[in-house]
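Let's take a walk through this structure, from the packing inside to the charged pairs. Keep the 3D view open as you read.

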Amino acid sequence: MRKIKLIGIGAGNPDYITVQAINALREVDVVFVTDKGEDTADLLRARTHICERYMQAKPYRIIEIQDPLRDRNPAEYRSAVAVWHEQRAALYERAIRERLSADECGAFLVWGDPSLYDSTLRIIDQVAALGTVAFEWEIIPGITSIQALAARHRISLNEIGEPIHVTTGRRLIDEQPAGGTSVLVLLDGNCAFKTFADRDIDIYWGAYLGTPDEILLAGRLDEMSGRIEEVRARARNQKGWIMDTYLLRKRGAPSC
Ligand SMILES: C[S@@+](CC[C@H](N)C(=O)[O-])C[C@H]1O[C@@H](n2cnc3c(N)ncnc32)[C@H](O)[C@@H]1O
């Protein structure tokens, strides 16, 4: 039976990779590399580096899967993503059926952890449901950008006994942080934190976490908002891309 491994490789620092991931990589015959059009040369290089470093035990093949083009600003976000996932499932199914032999092990190297804002897991689920190619599959967890952010700022994700809310920049606009709750924001291309220039909110911001270009900024949101926006824009212009994550926390007692 074919085997597929979704391997979380950590979000930035090559040393974030776990021993379980290293052991899994040693079994792999084929690495499927997908190009979503959003991965930069730097991120592709990070994956290649991991293969070269940990997959010396036996020969392996790298097979590229070209992702279908995606409308970045569709009128109907959910249905557009569903269509995109269906198209990707068809491509992944074909690659697994045609490029991986029945006794081989294939891997998808997923940035950070496969369970957090990454569609690879859902696509593989869809491929399995098609029933056209049989395979066993497993997930190897990785260190997320959220964990990297907390470690680099030396903070806990939650206040004592309080909840954590994980969201995207797109959704943050409608979600005023409640007292005590920590709000973690990923995938924010528009500095959505600007919506809350609240003196009682603290922000812990990190870009390119775990990499040599890492930037960390923290403080009161009303004081830091403009500075972060400026630093972010400059870094993005210089490198041509940016990945940033932040935590917002309203000081004071919980609202209920
Ligand atoms: C498609 S999501 C993938 C998240 C990933 N699966 C994880 O476990 O962190 C991409 C978003 O993760 C965040 N991210 C990933 N790596 C990061 C890094 N090294 N530094 C800062 N943010 C990062 C950014 O918010 C980015 O827009």
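## An aspartate in the loop between β7 and β8

A quick reminder before we start: this is a predicted model. Let's begin with D188, which sits in the loop between β7 and β8. This aspartate is buried but has no salt bridge. The nearest side chain of opposite charge belongs to R232, and that is 6.1 Å away. A salt bridge here calls for a nitrogen within 4 Å of a carboxyl oxygen, so R232 at 6.1 Å doesn't make the cut.

What does the side chain of D188 make a polar contact with? One partner is the side chain of Y246, at 2.5 Å. The D188 side chain also reaches the backbone nitrogen of C191, at 3.1 Å. Setting aside residues up to four places away in sequence, D188 touches G169, F193, R232, D244 and Y246.

## The main core

Two of those neighbours, F193 and Y246, turn up again in the largest nonpolar core, which has 23 residues. They are listed with L172, I203, W205 and L248 as the residues with the most contacts inside this core. The elements giving two or more residues to this core are β7 (182-186), β8 (201-207), α7 (221-239) and β10 (244-250). Which of them gives the largest share? That's α7, with five residues.

W205 is a good one to click on. Not counting residues up to four places away in sequence, W205 touches L149, H153, I215, L216, L217, I228, V231, R232, D244, T245 and Y246. Apart from this core there is another one, of 18 residues, including I7, I9, V31 and M55.

T245, one of the residues touched by W205, sits in strand β10. Is T245 buried or exposed? With a relative accessible area of 5%, T245 is buried. Its contacts, leaving aside neighbours within four places in sequence, are S145, L149, V185, L186, Y204, W205, G206 and L209.

## Helix α7

Now for α7 itself. The helix has 19 residues and reaches 25 Å from its first C-alpha to its last, close to the 27 Å expected at 1.5 Å a residue. Its buried residues are L221, M224, S225, I228, V231, R232 and A235. Why might a helix show such a spacing? With 3.6 residues a turn, residues three or four places apart point the same way. The cover over the buried residues of α7 includes β8, β9 (215-220) and β10.

Within α7, the side chains of E230 and R234 meet in a salt bridge, at 3.4 Å from N to O. The two are four residues apart, so about one helical turn separates them. R234 is partly exposed, with a relative accessible area of 45%. Just after the helix, G240 takes a positive phi of about 90°.

## Salt bridges across the chain

How many salt bridges does a search of the whole structure find? It finds 18. One of them joins the side chains of D42 and K239, at 3.6 Å from N to O. This pair links distant parts of the chain, with D42 in helix α2 (residues 41-54) and K239 in helix α7, 197 residues apart. D42 is partly exposed at a relative accessible area of 27%, and K239 is partly exposed too, at 30%. Both belong to a network of salt bridges that links D42, R45, D213 and K239.

Another pair is E104 and R61, whose side chains meet at 2.9 Å, N to O. E104 lies in the loop between α3 (77-99) and β4, while R61 is in strand β3 (residues 61-66), so this bridge ties together parts that are 43 residues apart in sequence. E104 is buried, with a relative accessible area of 14%, whereas R61 counts as partly exposed at 34%.

## Two backbone oddities

Most residues other than glycine have a negative phi. Y117 has a positive one, near 40°. This tyrosine is in the loop between β4 (105-110) and α4 (120-130), and at 42% relative accessibility it counts as partly exposed.

L187 also has a positive phi, near 50°. We're back in the loop between β7 and β8 with this leucine. L187 is exposed, with a relative accessible area of 59%, whereas D188, in the loop between β7 and β8, is buried.

Technical notes. Residues numbered from 1 in each chain as written. Predicted model: local features only at pLDDT ≥ 70, side-chain atom pairs only at ≥ 80, totals over all residues. Heavy atoms only, no water. Core = buried A, V, L, I, M, F, W, Y, C linked by side-chain atoms within 4.5 Å. Buried < 20%, exposed > 50% of the residue type's maximum accessible area, 1.4 Å probe, protein only. Contact = heavy atoms within 4.5 Å. Lys, Arg positive; Asp, Glu negative; His and termini not counted. Polar contact = N/O pair within 3.5 Å; in protein donor to acceptor, adjacent residues only side chain to side chain. Expected span 1.5 Å × (residues − 1).
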